[in-house]
Amino acid sequence: MSYQTLKRAVTARLEIKKSEFIAYAYPVTSREDAMFHVEQLRQQYADARHHCWAYIIGDPDNTTSAGFDDDGEPNGTAGKPILNVLQHKSIGNVIIIVVRYFGGIKLGAGGLTRAYAGSAQAAVDMMTLLEHVPLIQVQILAEFATEAQCRYVVDSLNGRIDDVAYSKQVTLTATLAEADIDNLKERLAMDGRVLDQPEV
């Protein structure tokens, strides 16, 4: 299942009935990553009334990890609406944090839900999204004479060489798109072979 990820962090601001909503979106790959950004914004906006957030790690349709927090807003009026926007747009590996400065006028539960969903949507509108490509790491066994050709093939498939070990032969550790593995094996043919992956 393909989904989209955020290319770089974005910010959007909304003012609703004198309350200011500042939405931040960051690309993340773990809950620790996500919480780091929440803590940073808590420090940066220490005087703000609320820091509400939602994140999705992995595929938004079959997520390995998702979470949200209303941070003192009425239950279900902040984190969940933010999460719903991310799921609806099929964006994974992302956190949206909405910082709220209370303007003195109560919005009510429906108004808050719309405000937080609207803030998340404003952040999504600012995003540059990329198609998420599942990557895989492989090891390639080659002779010294064919190492350069192996490197060329990996490079031509937009892969990268992570590590090289020299002994009687050369073992290249490479990362590339999972979809390109068969192509890699075919193109290496005489120059090297992809070692079978150990069962995890």
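## Exercises on a predicted model

Asn158 counts as exposed, at 73% relative accessibility; exposed means over 50% relative accessible area, buried under 20% and partly exposed in between, with a 1.4 Å probe and protein chains only. The model is predicted, so to speak of a local feature requires pLDDT of at least 70 and side-chain atom pairs count only at pLDDT 80 or more, while totals for chains, interfaces and linings use all residues. Residues are numbered from 1 along each chain as its sequence is written, and side-chain values use heavy atoms, with hydrogens and water left out.

**Exercise 1. Determine where Asn158 is found and describe its phi.**

Step 1. Asn158 belongs to the loop between α4 (147-156) and β9 (160-166). Helices (H or I, at least four residues) and strands (E, at least two) are DSSP runs, numbered from the N terminus.

Step 2. The phi of Asn158 is positive, at about 60 degrees, although the residue is not a glycine.

Step 3. Asp71 likewise has a positive phi, near 45 degrees, and is a residue other than glycine. Asp71 is partly exposed, with a relative accessible area of 21%.

**Exercise 2. State how many salt bridges are counted, and examine those of Asp71 and Glu73.**

Step 1. A salt bridge is a side-chain nitrogen of Lys or Arg within 4 Å of a carboxyl oxygen of Asp or Glu. Under this rule there are six salt bridges.

Step 2. Asp71 pairs with Arg42, and their closest N and O atoms are 3.5 Å apart. Because Asp71 lies in the loop between β5 (65-69) and α2 (79-88) and Arg42 in helix α1 (residues 31-44), the pair ties together parts that are 29 residues apart in sequence. Arg42 is partly exposed, at 25% relative accessibility.

Step 3. Glu73 forms a salt bridge with Arg100, with 2.9 Å between the closest N and O atoms. Glu73 lies in the loop between β5 and α2 and Arg100 in strand β6 (residues 94-101), so this pair links parts that are 27 residues apart in sequence. Glu73 is buried at 8% relative accessibility, and Arg100 is buried with a relative accessible area of 4%.

Step 4. Glu39, Arg42 and Asp71 are joined into one network by salt bridges that share partners.

**Exercise 3. Describe the largest nonpolar core and identify which element gives the most to it.**

Step 1. A nonpolar core is a set of buried Ala, Val, Leu, Ile, Met, Phe, Trp, Tyr and Cys residues joined through side-chain atoms within 4.5 Å. The largest has 25 residues, and those with the most contacts inside it are Ala25, Ile82, Ile96, Val98, Tyr116 and Met127.

Step 2. At least two residues of this core come from each of β3 (19-27), β4 (50-57), α2, β6 and α3 (108-126).

Step 3. The element that gives the most to this core is α3, with six residues.

Step 4. Another core, of 16 residues, lies apart from it, and Tyr26, Val28, Trp53 and Ile57 are among its members.

**Exercise 4. Compare the span of α3 with the expected value, and list what its buried residues pack against.**

Step 1. The expected span of a helix is 1.5 Å times one less than its number of residues. With 19 residues, α3 reaches 27 Å from its first C-alpha to its last, close to the 27 Å expected.

Step 2. The buried residues of α3 include Leu112, Tyr116 and Val124.

Step 3. These buried residues pack against β2 (10-16), β3, β4, α2 and β6, where contact means heavy atoms within 4.5 Å.
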